[in-house]
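Open your viewer, set the display to cartoon, and get ready to click along. Each stop tells you what to select and what you will find there.

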Amino acid sequence: MARNVFFTHGTRNEQFLQQNLVEEYIKMFGMDILYIPRQLISKDNVFNEEIQSQFDDSYLIEAYLENFDGFQGGGDLLTKFGIRQTDEVTLVISQQRFSDLISQFLLLDQDIEVGERPQEGDLIYFPLSSNYFEIKFVEHEEPFYQLGKNYTYKLKAELFEYSDEGGEFFAGDDELIDTGYTVQYYYLVTPGESASATPLLDGDVVSQGIITTNGSKYNFTPTVTVTGDGTGATAHAEMIVVNVGGSIPMSTAVLDPTVKDGKMVGLKILNGGAGYDVSRSTIDFTDPSSSGTKPVVVPTFDSNGTLIKVEITNEGSGYDSVERIVIDSGGSGYTTAAFDIESVPSGLSGSFQDGETVTGGTTGGTAMVADWNKSEGWLKLKSPTDDFQIGELLVGNTSGASITIHSYDAMATTDTKYSESVTFETLADDIIDFSEGNPFGIGT
Amino acid sequence: MLGNYTYNKVIRKCVIGFGTLFNNIEVRKETGGTTFQKMKVPLAYGPKQKFLARLEGQPELNKKVAITLPRISFELSGLSYDSSRKLSPITVDKVKDGKNVRQIYTPVPYNLDFSLSILSKTNDEALEIVEQIVPIFQPSYNITIKIIDDVNEYRDIPIVLNSLNYADEYEGNFDQRKLTTIDATFTVKAYIFGPTSVQKPIKKAKVEYDTGSPKVPVRRAQYIVEPVALRDKDSDGTGLTITASVNNKVSTLPVVDSTVFNIGDYIEINNEVMKVKTKPNDVSITVARGQNATTQAAHASGSVIDIITTADTALLESGDDFGFNEMTSFYG
């Protein structure tokens, strides 16, 4: 049986009026939100999951908050995985306004799955509490076909679970970063200073090196070249000076330390000396040039008081400037001479842009700039594709700015967020014998 | 009755040892065979004091997102006695600890149950994490833990992977989140030790005996023997030096002041022990070189002279070489 033709169930003009009334209501009683569409870059076709998503754009639109007296959901929960916030919101937006303001742009983007309507998986930035909500369901039939048409989308959204998704929106957002997890920190605290020294001549032979500038921020022992009008003089720099003391030997021991990345990684006995008092003799070192600790070694002497073995139990830290120039060979024929000491890496130059990609000169790996500071000289990187190396030059792909990595700590944690990975590693060093290798741990 | 305070932190060490196995798990995202992203998966011990969790996890009251993923969490879920590893409870381990010998009774074998949970956004990530863990446990993996600091006791502690439970909740209405979790249970075969006690070296032996017989008067004797230091132990010779260098042959040593020495004193210069024979004047002594099995060696001017005294004897430790001082007494 056909319906009564004398009663209309909505004409186009009535529908327009209804749509306009809805929009007016939302504009009066609603709030402005940012709508952030998900660009689905790649998908896993086996498990039917996203692999890579980008959130680069945002659109301002007004929305009515249905749960005006507070967030829905379970609130803040303490779980075995730390604190989980389970806030949920229900927002009502106008279908027409979505179409006018947002859809027309989304339809142009091939990475947007469904541009005609709000997508499940898209994000909403909620300005009242500065939260990111992920749309989990778009209800388009509430209210149900008034005057023969639907006028609103009801967006049911819950707080976003962040798993290092890409996009300019998140690039510089420190609050989204669990340190040591999605981000690795690389520092060059201040640009280093190159060392310099003046040679002293004894006749035509180079006899001594007087250091005029110790330099700073060396992560390697710089090479020393003797220049001048003579021939044959060679010298090397020492970042740490070793002193075997505590007793008076018949002949003095000569030790050659190797310093790398501020640590004394080797100590070679060139001459063990003789006549050291075994019970009194100790090996001491100069203080670190920057904040750090002295190395600790255990010497072994034979019955003649000759140093035969040195075991390094702690490599120390903070040795990054030149302490002494040792003349290996004085050469001959010098009337003037000078030292040419290898320069320190140049540090940070230029201006990076937040969110740009940097490329490593040695490894070829890339990462995204999360934050940087020129005066303090550090760079914070996000989502690296490789483990960058100390001494490696990182160059910004967009800005052309560069930084040489002086030091880094991939697991550095400057805050007390979820991760305890570093804590366990540090505590385990004291109690676990990993001499046979830790198949999982850091630094194996 | 028990009251013998002990806390060797064995269980705590097992928690640390277990945790450190999983602190370097990584997740990589790839497209077309190229890695475009690497993430270290954060690990934490699950249980937390609630106020600390709130202060550290939400210092600004509000987080921008629900949670960051993936994450690994683990916790100690139970302790049970393992009778299959029981050993005789009266066996004593003795270990040298500096001057002393420490002794400790056989530990009691306990199994510690751990559960490890992995939360991830996608199946693939969860499986990526699992495949980094599972192959190492066949089904156990041993770690060597310094279980008692006092006695420097290292033990191989097997960690056994018992089971893996994989859950992927995806059915239902769209209001519910899809959740991929993996729960693994492990058994850590630990030993829990009791208190250690200290046994110092014996430094005096005394024997008393009768020498008489039925036909002669009784005569009682006492024999006491005590160790004597052969080498200087306390490096107390500050200010006593030789004033000129000597070779490895001469028997007359130039000294600052010979009156501090007594004839018969043993002295040590660098690594050589000598015996004072005479004092010709106030600034020299004559000695017998190379005493107590030490090697005669040259010594530089200014080398320190240590006198071997009863203070050095008091510092003797078990395991040191030492001489004897004996005394025999007779009583009518």
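This tour of a predicted model starts where the two chains meet and then visits several groups of strands.

**Stop 1: the two chains together**

Colour chain A and chain B differently and look at where they touch. How many residues are in contact? On the chain A side there are 78, and they meet 86 residues of chain B. The area buried between chain A and chain B is about 7300 Å². Carbon and sulfur atoms give 53% of that area.

Now turn on side chains. Seven salt bridges are found across the interface of chain A and chain B. To view one of the pairs that meet the rule, select A:Arg280 and B:Asp306: the closest N and O atoms of this salt bridge are 2.7 Å apart. Polar contacts also link the chains, with a count of 36 residue pairs between chain A and chain B.

Next, select residues 421-431 of chain A. This is helix 4, which gives the most to the side of chain A that touches chain B, with seven residues. If you colour that side of chain A by residue type, you will find 30 nonpolar, 25 polar and 23 charged residues.

**Stop 2: a sheet built from both chains**

Select residues 432-433 of chain A, which form strand 30, and residues 140-148 of chain B, which form strand 9. In which sense do these two strands pair? They are antiparallel, joined over two bridges. Click on A:Asp433 and look across to strand 9 of chain B, where B:Thr144 stands opposite.

Strands of a sheet pair through backbone hydrogen bonds, either parallel or antiparallel. Here, widen the selection to the whole open sheet of seven strands, in the order 30(A)-9(B)-10(B)-11(B)-8(B)-5(B)-3(B), with mixed pairing. Which strands sit at the edges? They are strand 30 of chain A and strand 3 (43-45) of chain B, each pairing on one side only.

Keep the sheet on screen and add residues 10-21 of chain B. This is helix 1, which packs on the sheet and touches several strands, including strand 30 of chain A and strand 9 of chain B. The direction of helix 1 makes about 140° with that of strand 9 of chain B. Then add helix 3 (residues 123-133) of chain B, which lies across strand 5, strand 8, strand 10 and strand 11 of chain B. Helix 3 runs at about 150° to strand 8 of chain B.

**Stop 3: a hairpin in chain A**

Select residues 196-202 and 205-213 of chain A. These are strand 12 and strand 13, an antiparallel pair with seven bridges. A:Ala197 stands opposite A:Ile211. Two residues lie between the strands of this hairpin, and A:Gly203 takes a positive phi near 70°.

**Stop 4: a hairpin in chain B**

Move to residues 26-31 and 34-40 of chain B, where strand 1 and strand 2 run antiparallel and are joined by six bridges. Find B:Arg28, whose bridge partner is B:Lys38. This hairpin has two residues between the strands, and B:Gly32 takes a positive phi near 55°.

**Stop 5: a three-stranded sheet in chain B**

Finish with the open sheet of chain B in the order 13-14-20, with antiparallel pairing. Its edge strands are strand 13 (205-210) and strand 20 (322-331). Neighbouring strands of this sheet are turned by 15° against each other on average, direction ignored. Ten bridges join strand 14 (residues 220-229) to strand 20 of chain B. For a last click, choose B:Ala221 and find B:Phe330 opposite in strand 20.

Terms used:
Residues numbered from 1 in each chain as written. Chains lettered and ligands numbered in written order. Predicted model: local features only at pLDDT ≥ 70, side-chain atom pairs only at ≥ 80, totals over all residues. Heavy atoms only, no water. Contact = heavy atoms within 4.5 Å. Buried area = accessible area lost by both parts, 1.4 Å probe. Salt bridge = Lys/Arg side-chain N within 4 Å of Asp/Glu carboxyl O. Polar contact = N/O pair within 3.5 Å; in protein donor to acceptor, adjacent residues only side chain to side chain. Helix = DSSP H or I, 4+ residues; strand = E, 2+ residues; numbered from the N terminus. Nonpolar A, V, L, I, M, F, W, Y, C, P; charged D, E, K, R; others polar. Pairing = 2+ DSSP bridges. Axes fitted to C-alpha atoms, helices over the stretch in contact; angles between N-to-C directions.
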